[in-house]
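This report introduces a protein structure to a reader who has not met it before. It treats the helix and sheet arrangement, the pockets and the overall build.

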Amino acid sequence: PKKLILIGAGVIGLEMGCVWSRLGAEVHVVEYLDRCLPGADGEISKQAQKIFEKQGLTFHFGQKVTGVEKLKTKLKLSMEPAAGGEASSMDADVVIVAVGRRPYTEGLGLETVGGTTDRRGVIETRGKGHFQVADGVWAIGDAIHGPMLAHKAEDDGAAVAELIAGKAGHVDYNLVPSVVYTNPEIAWVGKTEEELKEAGIPYKTGKFPFMANSRARTNHETEGFVKILAHAETDAILGAHMMGVGVGEMIGEVCVAMEFGGSSEDIARTSHAHPTMSEAIRQAAMGVEGWTMQM
């Protein structure tokens with residue numbers, strides 16, 4: 001399409017927007033909230049907006065879509081400020097709705113086994129591992145609470161199989177990584193700075209830009225950075241947030257460290273091959289204690 005409007009600046013909206021923008025479409029993204037990627041760390045969200053605007057995406061924040069009218073040769077999208085104000089409209093060849101997902105749980109017959117759902121349709125679970133609906137009935141994946149991701153559902157399934165076999169199946173949803181498959185990629189695991197501040201948890205930050213990474217500079221892929229959040233007293237890794245080429249492949253290192261209760265110093269003292277993009281993770285971990293340059 002010549003002109004494409006995306007409703008929603010979340011993961012799916014940005015992924016679709018980046019694809020169609022690179023194919024030559026004029027892409028506009030309409031978002032109800034005041035920033036893109038509402039669930040991501042604030043710094044990542046700001047950096048992502050700058051990079052995607054540079055790629056050609058146009059964002060319309062704080063806007064509520066009130067309707068889409070199908071005309072003879074185009075679509076007309078109507079919107080108004082979420083905080084109130086004058087309505088406006090935009091024409092487009094295609095409008096994609098990407099405002100999130102909900103579980104598809106209607107018609108499962110849950111009531112016949114005493115199962116219930118919340119107001120969003122998420123199946124309420126109980127018992128061992130919080131996967132049990134009723135005796136002999138289990139639920140996993142997007143149908144229950146937790147991140148709606150394929151790898152989370154896979155881990156749920158493995159945990160349920162272990163529980164049925166009498167073993168100790170368990171999934172820590174705080175350690176399920178999220179990846180946005182844009183160009184460049186965005187990945188994170190654990191808590192954001194905003195969540196730590198809200199919870200009153202003392203933390204330290206280490207950051208390292210890909211601009212200072214040898215492999216990134218050689219490949220002309222210097223956009224983005226890595227940020228590590230660690231507890232201010234115990235140094236336990238609380239979260240990691242990164243944006244750059246291939247970070248979806250890199251986030252697993254931090255997941256492993258967090259799974260084993262690792263600290264930022266553990267990563268900082270672990271040898272990483274040079275030159276690699278993953279060195280940025282080590283450098284960010286070193287930055288938690290001020291052992292390296294900061295952004």
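In this predicted model, helix 1, formed by residues 11-22, lies across strand 1, strand 2, strand 3 and strand 7. Relative to strand 1, helix 1 runs at about 170 degrees.

**The sheet**

The strands crossed by helix 1 belong to an open sheet of 4 strands, whose order is 3-2-1-7 and whose pairing is parallel. Strand 3 (58-60) and strand 7 (94-97) occupy the edges; each has a single partner strand, so one side of each is left without a neighbour in the sheet. From one strand to the next, the twist averages 20 degrees.

Strand 1 (residues 3-7) and strand 2 (residues 26-30) run parallel and are joined by 5 bridges. Ile5, for instance, has His28 in strand 2 as its bridge partner.

**The pockets**

Rolling a probe the size of a water molecule over the atoms shows where empty space is left. The two pockets described here are set side by side in the table.

| Pocket | Volume | Lining residues | Classes in the lining |
|---|---|---|---|
| Largest pocket | about 1200 Å³ | 43 residues | 24 nonpolar, 12 polar, 7 charged |
| Second largest pocket | about 180 Å³ | 13 residues | 4 nonpolar, 5 polar, 4 charged |

In the largest pocket, the lining residues closest to the centre are Val11, Arg101, Met148, Leu149 and Ser178. Several elements contribute to this lining: helix 1, helix 3 (150-164), strand 10 (178-180) and strand 11 (185-190) each supply at least two residues. The largest share, 4 residues, comes from helix 1. Helix 1 thus has two roles in this description, since it lies across the strands of the sheet and also supplies residues to the lining of the largest pocket.

For the second largest pocket, the residues that lie nearest the centre are Pro103, Tyr104, Thr105, Glu106 and Gly121.

**The protein as a whole**

The protein contains 8 helices and 14 strands. Its C-alpha trace spans about 65 × 55 × 35 Å along the principal axes. Of the 295 residues in the protein, 44% are buried.

How do the contacts divide by separation along the sequence? Among contacts between residues at least 6 apart in sequence, 54% join residues at least 24 apart.

Methods:
Residues numbered from 1 in each chain as written. Predicted model: local features only at pLDDT ≥ 70, side-chain atom pairs only at ≥ 80, totals over all residues. Heavy atoms only, no water. Pairing = 2+ DSSP bridges. Axes fitted to C-alpha atoms, helices over the stretch in contact; angles between N-to-C directions. Contact = heavy atoms within 4.5 Å. 1 Å grid on protein atoms, 1.4 Å probe; cavity = no way out; pocket = protein on both sides within 12 Å on 5 of 7 lines; lining within 4 Å. Points joined across faces, edges and corners; volume = space filled by probe spheres on them. Nonpolar A, V, L, I, M, F, W, Y, C, P; charged D, E, K, R; others polar. Buried < 20%, exposed > 50% of the residue type's maximum accessible area, 1.4 Å probe, protein only.
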